[in-house]
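Visitor: I'm new to this one. Please take me on a close look at the empty spaces.

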Amino acid sequence: MKFLRDLLDKQKPLFHKGGKFENLYYLFEAGETFMFSPNHTNGIKGAQVKDAIDLKRMMITVVIAMIPCLLFGIYNTGHQHFLATGQTAGLWDDFGPKLLIGLELVLPIVIVAYAAGGLVEAGFAVVRKHPINEGFLVTGMLIPLVVPATLPLWQVALATIFAVIIAKEVFGGTGMNILNVAMTARAFLYFAYPAQISGDQVWTYLGDKAPVDGFSGATALAVAYNAGVDGDKVTDALAEHNTALGDGMFSFSNMFMGWIPGSIGETSTLMALIGALILIGTGVASWKIIVSGFAGAYIMAFIMNLFAVNEYMAMAPEYHWVVGGLAFGIVFMATDPVSASQTETGKWIYGLLIGVLTVIIRVTNPAYPEGIMLAVLFMNVFAPLIDYYVVKANKKRRLQRATV
């Protein structure tokens, strides 16, 4: 490490003011601070308020919280391939080959997302002459986790570039964005290239192998929606799918664990909850948004049960927690500290409405079977309005107390 430190010190004059590459100083500074702790202080005299947490530590904590979802998603990608092609029936059989297939599909998506977004961030840093922030550490991981493993890499790059520019940089960069950047990337893909991010054929990698008899590629959400249309009970439809494949793929416990087709990192409710514990324990994410998000989904699903006009509306409320990406979206997207509500009361309202809207969109709109994507983006837009009225109500109450 001393050799690398000495090498950077020799090159540093070239990037400082008056140096040959002074316009690229912030690129050099980003690489230096990524590898080493800054060797300078702020120079301010007197008492200062210091905290153990800063932007870099916060972003790294979120990335660490997503690692369980990433690792699970890598293995599940290979596992679903083996199930679909009839190569194995056991969950842990052929562990090595499954892991290898998952790595071959998922790692390139992660690398492309980081590379594409990183280049955009670097370009804006050079033009605006400001340091490269660590915000994209999280976004670069979130985008791969909310797309199918079969998504073409060029679409990953295009969606990442679009989201970073339109949802983030045009608003001023890290900390200024109104919309969640990763959800914006997924929305772009959904509307621009629906064939590669929706339907039954994109969630499971088949390669050059033929699927087994009875394989449909449908997600649990698709099975549940079709049951509502056809008049079959959702639980019966999921059970019939299990029988057709000869396994218990769509049992409640299996869906909670995440051994089902879906986007890379959002199938496992358990892994999302592990991430939630990390985020809540470190104080990075608001537990109020997470709790109210799950509560809102349950309450809305329960109301749907009372007025059920089809079997999808009659689906047990707890099933909405484990099908699709509700858990992942609430834990990692809804809690985005920039685009979420900032007031404590507003967080309860914000999370509750995300859960409510997710179920409404899922059950009533066949064009958007997932729901969490549009719910988060919609509430991102309304988060400032929620905070405005919460603050206004607080001011009104305080004024009334002061004049009594």
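Guide: Happy to! In this predicted model, there are four cavities of 30 Å³ or more. A cavity is a set of points on a 1 Å grid over the protein atoms alone where a 1.4 Å probe fits but cannot get out. The largest has a volume of about 90 Å³, the volume being the space filled by probe spheres set on the points, which are joined across faces, edges and corners. It is lined by 14 residues (each with an atom within 4 Å of a point), and Asn76, Thr77, Gln80, Trp203 and Gly262 are the closest to its centre. By class, this lining has six nonpolar residues, eight polar ones and no charged ones; Asp, Glu, Lys and Arg count as charged, Ala, Val, Leu, Ile, Met, Phe, Trp, Tyr, Cys and Pro as nonpolar, and the others, Gly among them, as polar.

Now follow Trp203 to the second largest pocket, where it is again among the residues closest to the centre, with Thr219, Leu221, Pro369 and Glu370. A pocket is an open set with protein on both sides within 12 Å along at least five of seven lines; this one has a volume of about 450 Å³. Its 27 lining residues divide into 14 nonpolar, nine polar and four charged. Helices α7 (181–192), α8 (220–230) and α16 (372–403) each supply at least two of them, and α8 gives the most, with five. Helices here are DSSP runs (H or I, at least four residues), numbered from the N terminus.

Residues are numbered from 1 along each chain as its sequence is written. Totals for linings use all residues, while local features need pLDDT of at least 70.

How values were computed: Predicted model: local features only at pLDDT ≥ 70, side-chain atom pairs only at ≥ 80, totals over all residues. Heavy atoms only, no water. Helix = DSSP H or I, 4+ residues; strand = E, 2+ residues; numbered from the N terminus.
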